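Subject: Structure for your review

Dear colleague,

Please find below the structure that I am handing over to you. My notes on what was found in it follow directly after.

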Amino acid sequence: MAEQRSPLISVDELHDLLGSDKLRIADVRWYLGRPDDGRLAYGTGHIPTAVFVDLETDLSDHEGLGAPGRHPLPTPQAFAHRMGNLGFGSRNLIVVYDDSAGAIAARMWWMLDNLGHRDVAVLDGGIQAWTAAGHELTTDEPQVDPQPLKLGSAWRNVVERDELASRAAELSLIDARAPERYRGEMEPIDPVAGHIPGARNLPLTENLDATGRFKPADRLRTVYERVLRAGSEPVLSCGSGTTACHSIIAMRIAGLPEPLLYVGSYSDWSRSGMPIATGSEP
């Protein structure tokens, strides 16, 4: 079996690949409560040859798996068709970036990886690391030539609300949101403040070092072993099933078991009349 590709790529590695026929780059910048601003940011400057990919329209189907959460998954077939039309094909190395330390880019990485496209990586440090290294941005939008993209026919390693509730005792649920949202002290977008009962908080910022890059494997393993219950299956959750994918990357780097993703996450749970907990304890 071929060695699994790292989920991360460095700025230097990406820069060396520019111009390669194999390379395709996705800009997936997105901002909570300002869904149109990602495309505006792309228009003011992006990594050369990058195509804008919209979390709302390209990576979500609001009637899909995880509804009524904010970012349900499209069908694998619809996702493959959309990505192919944006120029991402089966033969491509797909590099995904944002300006949020990978918090949004991780969603596209997870979707492709989950459906069997292993040649995909998140730019470690994002667009900030690119510009800090002295590399230029462009406002030129590349010509997009549709490509065939063959992906799996079903999402794997996902859990839905009813199953999560019925299996709570045997699952180790991790909430990747900011601590103040977990505690219920503030909630900018979902209808009820707080967290899913039993969830332990491990904000995705714990995945990062002071430069905004992922911590090394040994440090990430220590971080996650503090909150995972021995003998239980890990589940990742966040606000809408997007930023939790960042923690899935961290767990893979750490060499830990592949977790389930609660696709609807807190947005689905809080919209469905389920019990809510507040405070710093699960």
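Two strands are taken to pair if DSSP finds at least two bridges between them. On that basis, 5 strands of this predicted model form an open sheet with parallel pairing, in the order 1-5-4-2-3. Strand 1 (8–9) and strand 3 (51–52) stand at the edges; each has a single partner strand, so one side of each is left without a neighbour in the sheet. Strand 1 runs parallel to strand 5 (residues 120–123), and 2 bridges join them. Within this part of the sheet, L8 stands opposite V122 in strand 5.

Helix 4 (residues 105–114) lies across strand 2 (23–27), strand 4 (93–97) and strand 5, and runs at about 170 degrees to strand 5. Helix 4 also packs with helix 9 (residues 244–253), at an angle of about 65 degrees and with the axes 8 Å apart. The crossing of these two helices is left-handed. On the helix 4 side, A106, R107, W109, W110 and D113 take part, and they meet C245, H246, I248, I249 and R252 in helix 9.

You may wish to look next at L14, which is found in helix 1 (residues 11–17). Its relative accessibility is 0%, so L14 counts as buried. Leaving aside residues up to four places away in sequence, L14 touches I9, L23, I25, I47, V95, L123 and W130. One of these, V95, is 81 residues apart from L14 along the chain, while the C-alpha atoms of the two are separated by 8.1 Å.

Turning to the aromatic residues, the structure holds 4 aromatic pairs. One of them is formed by F79 and W155: the ring centres are 6.1 Å apart and the planes stand at 45 degrees, so the pair is tilted. This pair links distant parts of the chain, as F79 is in helix 3 (residues 76–85) and W155 is in the loop between helix 5 (126–132) and strand 6 (158–159), 76 residues apart. F79 is buried, with a relative accessible area of 0%, and W155 is buried as well, with a relative accessible area of 13%. Y262 and W269 form an edge-to-face aromatic pair, with 6.5 Å from centre to centre and 85 degrees between the planes. Y262 counts as buried at 1% relative accessibility, as does W269 at 5%. In addition, F79, W110 and W155 form one aromatic cluster; W110 is also among the helix 4 residues that meet helix 9. Finally for the rings, R177 lies over the face of Y266, at 4.2 Å from the ring centre.

Some points of backbone geometry remain. The peptide bond from A67 to P68 is cis, with omega near 10 degrees, and P68 lies in the loop between strand 3 and helix 3. T49, in the loop between helix 2 (37–44) and strand 3, has a phi near 75 degrees, a positive value in a residue other than glycine. With 43% relative accessibility, T49 counts as partly exposed. S265 likewise has a positive phi, near 50 degrees, and is not glycine. This serine lies in helix 10 (residues 265–270) and is buried, with a relative accessible area of 0%.

With kind regards

Key: Residues numbered from 1 in each chain as written. Predicted model: local features only at pLDDT ≥ 70, side-chain atom pairs only at ≥ 80, totals over all residues. Heavy atoms only, no water. Phe/Tyr/Trp six-rings, centres within 6.5 Å; stacked < 30°, edge-to-face > 60°. Buried < 20%, exposed > 50% of the residue type's maximum accessible area, 1.4 Å probe, protein only. Lys NZ or Arg CZ within 6 Å of the ring centre and 35° of its normal. Contact = heavy atoms within 4.5 Å. Axes fitted to C-alpha atoms, helices over the stretch in contact; angles between N-to-C directions. Left-handed = near helix turned anticlockwise from the far one by under 90°.
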